[in-house]
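Here are some exercises to try with the structure open beside you. Have a go at each task before you read its solution.

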Amino acid sequence: QFAIPPSLKGLKQTRSVINSLFSGALAGAVAKTAVAPLDRTKIIFQVSSARFSAKEAYKLIYRTYLKDGFFSLWRGNSATMVRVIPYAAIQFCAHEQYKRLLGGYYGFQGKALPPIPRLLAGSTAMLTYPLDMVRARMAVTPKEMYSNILHVFVRISREEGLKTLYRGFAPTILGVVPYAGLSFFTYETLKKAHAEQSGRPQPYSYERLAFGACAGLIGQSASYPLDVVRRRMQTAGVTGHTYSTILGTMREIVSEEGVVRGLYKGLSMNWVKGPIAVGISFTTFDLTQILLRKLHQMGYTAR
């Protein structure tokens, strides 16, 4: 038996990291673009006092399409792409590397990312947070108010001050912990249980999609009230409200609209959108990883 030279081992590891980064970036982009119209509709309901129902959501989508055209349903998605691509790349890559290090124990021990990737993902979230604010503002305003990403930045900075770009950051960070922790933990737990039951080490694509959907459902439901609070705080400047703190915002929403109708408004749409997005992202990640490995093998055999 030949020992693998350290340089070749290092090269293999670097390639694995690059593959994970690329697959993660693609997974995030594809998933978010697929559900962008539903996401925009959900944001519009979250920041208004109008009652939410599937019928009203459909009417809003149809009215938007008639008034502003098909692509207006994706308004603000460019800001989402700039924000999501680096975040998803780091999160998936760190998750993949951590899983490799922990081996068989991962399903139950790997609930959190290791410190350095967690710091990287966290700092990415912090640096790109203003883009989330921009996305929310573009979703709830007409084209005349904000024409593009840069225009939103300039107007908010000039009219409301730079610190407004970080309004709603606290509920975002608080919401990330239950969401990311529960979704990754659920996905890996289901994969491990499936392997034990079926005797197959890898689930089929449709099974991955179902596991990802369950993961998204549990993760998003746990952090949903904080998502509503975040959107209210982000859009306060254009809706005429003055939401300043998490508890103050929650109190105001509950007193005006009630607990379920206020803090959980649009959750049923999230139950449709969330599992689809998480299912697509996990599946895209896994399939891209497989494709890149195959392309690499073909590259070698072609020589």
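**Exercise 1. Find the helix that holds arginine 231, then describe its surroundings.**

Step 1. Arginine 231 has its place in helix H8. Helices here are DSSP runs of H or I with at least four residues, strands are runs of E with at least two, and both are numbered from the N terminus.

Step 2. Before going on, know your model: it is predicted, so local features need pLDDT of at least 70 and side-chain atom pairs count only at pLDDT 80 or more, while totals for chains, interfaces and linings use all residues. Residues are numbered from 1 along each chain as its sequence is written, and side-chain values use heavy atoms, with hydrogens and water left out.

Step 3. The relative accessible area of arginine 231 is 3%, so this residue is buried. The cut-offs are under 20% for buried, over 50% for exposed and in between for partly exposed (1.4 Å probe, protein chains only).

Step 4. Not counting residues up to four places away in sequence, arginine 231 touches Ile43, Gln46, Val47, Asp132 and Ala136. A contact means heavy atoms within 4.5 Å.

**Exercise 2. Work out whether glutamate 207 is buried or exposed, and what its side chain reaches.**

Step 1. Glutamate 207 also lies in helix H8.

Step 2. With a relative accessible area of 12%, glutamate 207 is buried.

Step 3. Setting aside residues up to four places away in sequence, glutamate 207 touches His194 and Arg200.

Step 4. A polar atom of the glutamate 207 side chain lies 2.7 Å from the backbone nitrogen of tyrosine 204. To judge such a pair, use the rule for a polar contact: N or O atoms within 3.5 Å, where within protein one must be able to donate a hydrogen and the other to accept it, and residues adjacent in sequence count only if both atoms are side-chain atoms.

Step 5. For a partner further along the chain, take glycine 279: it is 72 residues from glutamate 207, and their C-alpha atoms are separated by 9.6 Å.

**Exercise 3. Describe threonine 249 and threonine 284 in the same way.**

Step 1. Threonine 249 is found in helix H10 (residues 246-257), and threonine 284 is in helix H12.

Step 2. Threonine 249 is buried, with a relative accessible area of 0%. Threonine 284 counts as buried because its relative accessibility is 15%.

Step 3. The side chain of threonine 249 has a polar atom 2.6 Å from the backbone oxygen of threonine 245. The side chain of threonine 284 reaches the backbone oxygen of isoleucine 280 at 2.6 Å.

Step 4. Leaving aside neighbours within four places in sequence, threonine 284 is in contact with Leu26, Ala27 and Val30. Threonine 284 and valine 30 are 254 residues apart in sequence, yet 7.8 Å apart in space, C-alpha to C-alpha.

**Exercise 4. How many disulfides does the model have, and how accessible are cysteine 93 and cysteine 214?**

Step 1. A disulfide is a covalent bond between the sulfur atoms of two cysteines. The test used here is a pair of cysteine sulfur atoms within 2.5 Å.

Step 2. By this rule, the count is zero.

Step 3. Cysteine 93 counts as buried at 8% relative accessibility, whereas cysteine 214 counts as partly exposed at 36%.

**Exercise 5. Which residues lie closest to the centre of the largest cavity, and which helix gives the most to its lining?**

Step 1. Picture a 1 Å grid over the protein atoms alone: a cavity is a set of points where a 1.4 Å probe fits but cannot get out, and lining residues have an atom within 4 Å of a point. Points are joined across faces, edges and corners, and the volume is the space filled by probe spheres set on them.

Step 2. There are four cavities of 30 Å³ or more, and the largest has a volume of about 900 Å³.

Step 3. Of the 36 residues that line the largest cavity, Lys32, Arg83, Tyr87, Tyr179 and Gln220 are the closest to its centre.

Step 4. H7 gives the most to this lining, with eight residues.

**Exercise 6. Sum up the chain: how many helices and strands does it have, and what share of its residues is buried?**

Step 1. The protein chain has 12 helices and zero strands.

Step 2. Buried residues make up 45% of its 303 residues.

Definitions and conventions: On a 1 Å grid over the protein atoms alone, a cavity is a set of points where a 1.4 Å probe fits but cannot get out, and a pocket is an open set with protein on both sides within 12 Å along at least five of seven lines; lining residues have an atom within 4 Å of a point.
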